[in-house]
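Please describe this model for a bench biochemist, with attention to the metal site, the packing of the interior and the main pocket.

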Amino acid sequence: MCESSLRKRVRQSLVKPIVQGIGSLLIVILLHGCEASFYKSLRGDTMGTYYRVIGQCRDSLTYQLLESELLSLTSVLSNYDVESEISVFNLSENIGEWVPVPETLVHVLAKAQTISEQTNGAFDVTVAPLVELWGFGVKEVSQPPSAESIARELRRVNYRLLELNESDNTLRKLSNIKLDLSGIGKGYGVDHIAEVLADQRCSDFLIDIGGEIRVRGHNALSHSWRIGFEVPDGTGQSEVFLRLSSGALATSGSYRNYRVFNEKSYTHVIDPRSGYPTSHNLTAVTVYRSTATEADALATALFVMGFDDALEFAESHDIAVALTTWDADSEKHNASYSTAMRALIKEGN
Ligand code: ADP
Ligand code: MG
């Protein structure tokens, strides 16, 4: 009975990874006592979405611990908190001056800058003015922006206009830039919680913040964590699975967050080179990496690139990627996988 309840699927949206046997299903198992396990399952809200953590730990794993860690992280990284460190930096008019900031902020920005370099600016945290212009920031907008306003804001979008000094935790703006960490923050949060769990001597865990996932070890049935991609053929029948005992998965897509202006829909992922929301037949990208920070930022970058460039990038950098495209003729979603992702899938099925 426990086995069969574990095999029920936790369905999420069409193209997101699906994790089996977690959340409330696991609680049922602990209550029925059919596994000699010390797995604890906790969930809550953070970063405008949910989080859930399942862990088997030698020290205590508490809701209070997770909440206070996530709260201290968002007090640095959140654009929605006007007093956060990132908001204070965004508002400051100190152009050209080095300003001290918390180590966490320098750390996440250093990771972001590395991905920006690697992806030739497809991922760029200085995209904030464009995010706001297109109505994905704090303020709502009712019309698409004019070409002039896009051109004006584009002048202050470039990751090279931000400089970091990791040795003394300082930052400086070379122009009046604004930063948006939404494309990397959830992944960074997942990795941060992974460190917290490691400190609590958790040998096995699954962390999920809004669909960005990191695992270690085994689930309560002593199997690697089983995570599936629903093949987006509309039937919801066939699925492709990964069996993971380490690493992270993150997804970027056009299906979750978009705006409709004059009956045309615009996704929240913006090409920082053109100033316009990405517009192509790619509907979702899922990336597997050792850390969720990297997976999260790369998923956004690959989504910006579009199918051909994303697949070429994945192959040339040996990155495991699943790409979902929409075929307007057949009115179907198609899934494609990089060589590294096909190898992972083979191990998991
Ligand atoms: P999600 O937040 O749904 O997981 P992403 O990880 O792709 O999706 O992050 C998208 C968010 O990142 C957007 O809502 C926006 O705030 C920001 N963003 C948009 N375009 C870019 C970009 N090219 N580089 C970095 N961040 C971006
Ligand atoms: Mg992302």
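Thr300 counts as buried because its relative accessibility is 14%, where buried means under 20% relative accessible area, exposed over 50% and partly exposed in between (1.4 Å probe, protein chains only). Asp296, at 2%, is likewise counted as buried. Asp296 and Thr300 are four residues apart in helix H9, so about one helical turn separates them; helices here are DSSP runs of H or I with at least four residues and strands are runs of E with at least two, numbered from the N terminus.

This is a predicted model, in which local features need pLDDT of at least 70 and side-chain atom pairs count only at pLDDT 80 or more, whereas totals for chains, interfaces and linings use all residues. Residues are numbered from 1 along each chain as its sequence is written, chains are lettered from A and ligands numbered from 1 in the order in which they are written, and side-chain values use heavy atoms, with hydrogens and water left out.

**Metal site**

The magnesium ion (ligand 2) is coordinated at 2.1 to 2.6 Å by Gly183 (O), Asp296 (O), Asp296 (OD) and Thr300 (OG1). Donors are N, O and S atoms within 2.8 Å of the metal (3.2 Å for Na, K and Ca), and since water is not among the atoms, sites may look incomplete. Along the chain, the donors of this ion follow the spacing G-x112-D-x3-T.

**Overall fold and cores**

The chain holds eleven helices and 16 strands, and 53% of its 349 residues count as buried. Of the contacts with a separation of 6 or more, 64% are between residues 24 or more positions apart, a contact meaning heavy atoms within 4.5 Å.

The largest nonpolar core has 44 residues, of which Leu105, Leu181, Val287 and Leu302 touch the most other members; such a core is a set of buried Ala, Val, Leu, Ile, Met, Phe, Trp, Tyr and Cys residues joined through side-chain atoms within 4.5 Å. H9 gives the most to this core, with nine residues. Leaving aside neighbours within four places in sequence, Leu105 is in contact with Val76, Leu77, Glu85, Ile86, Leu171 and Leu181. A second, separate core of 21 residues includes Ile213, Trp225, Phe229 and Leu344.

**Largest pocket**

The largest pocket is lined by 47 residues, and Tyr80, Val131, Phe136, Asp180 and Ser182 are those nearest its centre. Among the elements that give two or more residues to its lining are strand E3 (49-57), helix H3 (63-77) and helix H9 (292-305). On a 1 Å grid over the protein atoms alone, a pocket is an open set of points where a 1.4 Å probe fits, with protein on both sides within 12 Å along at least five of seven lines, and lining residues have an atom within 4 Å of a point.

**Loop residues**

Three residues in loops are set out below.

| Residue | Loop | Relative accessibility |
|---|---|---|
| Arg201 | between H8 and strand E7 (202-209) | 41%, partly exposed |
| Asp318 | between H10 and E15 | 58%, exposed |
| His268 | between strand E13 (264-267) and E14 | 29%, partly exposed |

Phi is positive in Arg201, near 55 degrees, although the residue is not glycine, and Asp318, also not a glycine, has a positive phi of about 55 degrees. Not counting residues up to four places away in sequence, His268 touches Phe136, Gly253 and Asn257, and its C-alpha atom is separated by 8.0 Å from that of Trp134, 134 residues apart along the chain.
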